[in-house]
Structure formats: C-alpha cells, structure tokens
Amino acid sequence: MTFQVAREKGGELRKSYLSAAKRVVVKVGSAVLTTGSGLNQAVLDNLAEELTFLKESGREVILVSSGAVASGRKKLGLGNRVLRMREKQAAAAVGQSSLMHSYEDLFDRHDQKVAQVLLTHDDFAHRDRYLNVRNTIFTLFEWGILPIINENDTVSVKELRFGD
C-alpha cells in the first residue's frame, strides 16, 4: 500500500508508522514557512506546537528547515528579482538569524529548547565530520533539545542552485 492510498483511506498506514516511530524528521520548505510579507508566524507557531507534542510523546524529533534565503530576501527588501549566487548566500546569512530567532521564540512558548545545526554536503562526505554531527545531535537528544537543521548556505551552494 502506498502513502497516497493510505492518505485516501484515512491515513491508517501513516498513523501506524508514526505510532511505531522512535525518531521523526520533519522537513519544511520556504513555500510553507514564508509569505509575501516574510516568515509566516502562524505556520511556525503551529509547527512548534506540533513538534513539541511529538517530542513529549517520547519521540526524538528533528526539524529540517529551509527559509533562510526567503527570510533574508524579505528582511533586505530584495523583492522577487533574480539573485546572483553571492546575493543568495548573503540573503541566507541575514535570514538565518531571523529564522532561528522566530523558532526560538515560538518553541519557548511551548517550553521547548531548540538548537541550530548548520550543515553542508561535506559534513556527510567526511567520516570524522559526520561523526561530529551525529554525536552533537545525539547529545542534543539526551539534553531534551530539538535540533533544527538547515544547510549552511553561506558556504555551500549546491542547494542554492536549485532554489531555496
């Protein structure tokens, strides 16, 4: 049975997978997190509430979040014009702090601490770097902190070539 069929049958399969899951990874993109006026605070707040609930149910939860470029674009007033690669990287640098500030504020409302983990493809290509990331995430789990992972767009351009 595919997930599409499960969704059409009331999501029974999805529910069974989720109820058995020890660890849940949720990926949200810029289109979900932002509007024409910047970060969508209502969506972010709902996300913080739902992920806190999942974590409180005994699961390890990781949030993989896009949105830094879109947030920076709005903060800088860059509109929808096409940005050069270095402009996208600079917009990500500006937007990443706003994105994390929003996450911290909203998760704080639910008494949930969060941590920012910025990664590049190289962090997975080199065993020692991979182990450092892995150990950091496991330690965050031990401390009850929800990791928020994003690509480090200021030094990695692979994802930026295809959009935020």
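Biologist: In this predicted model, what makes the meeting of the Arg81 and Glu87 side chains a salt bridge?

Modeller: The closest approach of the two side chains, N to O, is 3.4 Å. The cut-off between such a nitrogen and a carboxyl oxygen is 4 Å. The value of 3.4 Å lies within it, and therefore the pair of Arg81 and Glu87 counts as a salt bridge.

Biologist: Is Arg81 to be called buried, partly exposed or exposed, and which of these terms applies to Glu87?

Modeller: Arg81 has a relative accessibility of 42%, so the term is partly exposed. For Glu87 the value is 16%, and Glu87 is therefore buried. The limits that decide this are under 20% for buried and over 50% for exposed.

Biologist: What makes Arg129 and Asp123 a salt bridge, and how accessible is each of the two residues?

Modeller: Their closest N and O atoms are 2.8 Å apart, and the limit is 4 Å, so the criterion is met. Arg129, with a relative accessible area of 33%, is partly exposed. Asp123 has a value of 9% and is therefore buried. Elsewhere, salt bridges with shared partners link Arg81, Arg84 and Glu87 into a single network.

Biologist: How many salt bridges does the structure hold, and what does the pair Arg23 and Glu60 tie together?

Modeller: There are 4 salt bridges in the structure. In one of them, the side chains of Arg23 and Glu60 come to 2.7 Å, N to O. Because Arg23 belongs to strand β1 and Glu60 to strand β4, this pair ties together parts that are 37 residues apart in sequence. Arg23 itself has a relative accessible area of 38% and is therefore partly exposed.

Biologist: Why is Arg73 described as buried, and which residues does Arg73 touch?

Modeller: Arg73 lies in helix α5, residues 68–76. Its relative accessibility is 17%, and the limit for buried is under 20%, so the description holds. Leaving aside residues up to four places away in sequence, Arg73 touches Leu78, Gly79, Asn80, Arg81, Leu83 and Ala91.

Biologist: In what order do the strands of the open sheet stand, and what makes β1 and β5 its edge strands?

Modeller: The sheet has 4 strands in the order β1-β4-β6-β5, with parallel pairing. Strands β1 (23–28) and β5 (114–119) each pair on one side only, and they are the edge strands. On average, neighbouring strands are turned by 25° against each other, direction ignored.

Biologist: How do you know that β5 and β6 pair?

Modeller: Pairing requires at least two bridges, and 6 bridges join β5 to β6 (residues 146–151), so these strands pair. As one example, Pro147 in β6 is the bridge partner of Ala115. Helix α6 (residues 85–108) lies across β1, β4, β5 and β6, and runs at about 155° to β5.

Biologist: Which residues have the most contacts inside the largest nonpolar core?

Modeller: This core has 19 residues, and those with the most contacts are Leu47, Leu51, Leu63, Tyr103, Phe107, Leu146 and Ile148. At least two core residues come from each of β1, α4 (41–56), β4, α6 and β6. Not counting residues up to four places away in sequence, Leu51 touches Val26, Val61, Leu63, Phe107 and Leu146. A second, separate core has 10 residues, including Ala115, Val117, Leu119 and Ile145.

Biologist: How many aromatic pairs does a search of the whole structure find, and why is the pair of Tyr103 and Phe107 called tilted?

Modeller: The search finds 2 aromatic pairs. For Tyr103 and Phe107 the ring centres are 6.2 Å apart and the planes form an angle of 45°. Stacked requires under 30 degrees and edge-to-face over 60, so 45° is classed as tilted. The two residues are 4 apart in helix α6, and therefore about one helical turn separates them. Tyr103 is buried at a relative accessible area of 0%, and Phe107 is buried at 0% as well.

Biologist: What makes Phe138 and Phe141 an aromatic pair?

Modeller: Their ring centres are 6.5 Å apart, with 35° between the planes. The centres must lie within 6.5 Å, so the pair is accepted, and the angle makes it tilted. Because Phe138 and Phe141 are 3 residues apart in helix α8 (residues 127–142), about one helical turn separates them. Phe138 is partly exposed at 29% relative accessible area, whereas Phe141 is buried at 14%.

How values were computed
Residues numbered from 1 in each chain as written. Predicted model: local features only at pLDDT ≥ 70, side-chain atom pairs only at ≥ 80, totals over all residues. Heavy atoms only, no water. Axes fitted to C-alpha atoms, helices over the stretch in contact; angles between N-to-C directions. Contact = heavy atoms within 4.5 Å. Core = buried A, V, L, I, M, F, W, Y, C linked by side-chain atoms within 4.5 Å. Buried < 20%, exposed > 50% of the residue type's maximum accessible area, 1.4 Å probe, protein only. Phe/Tyr/Trp six-rings, centres within 6.5 Å; stacked < 30°, edge-to-face > 60°.
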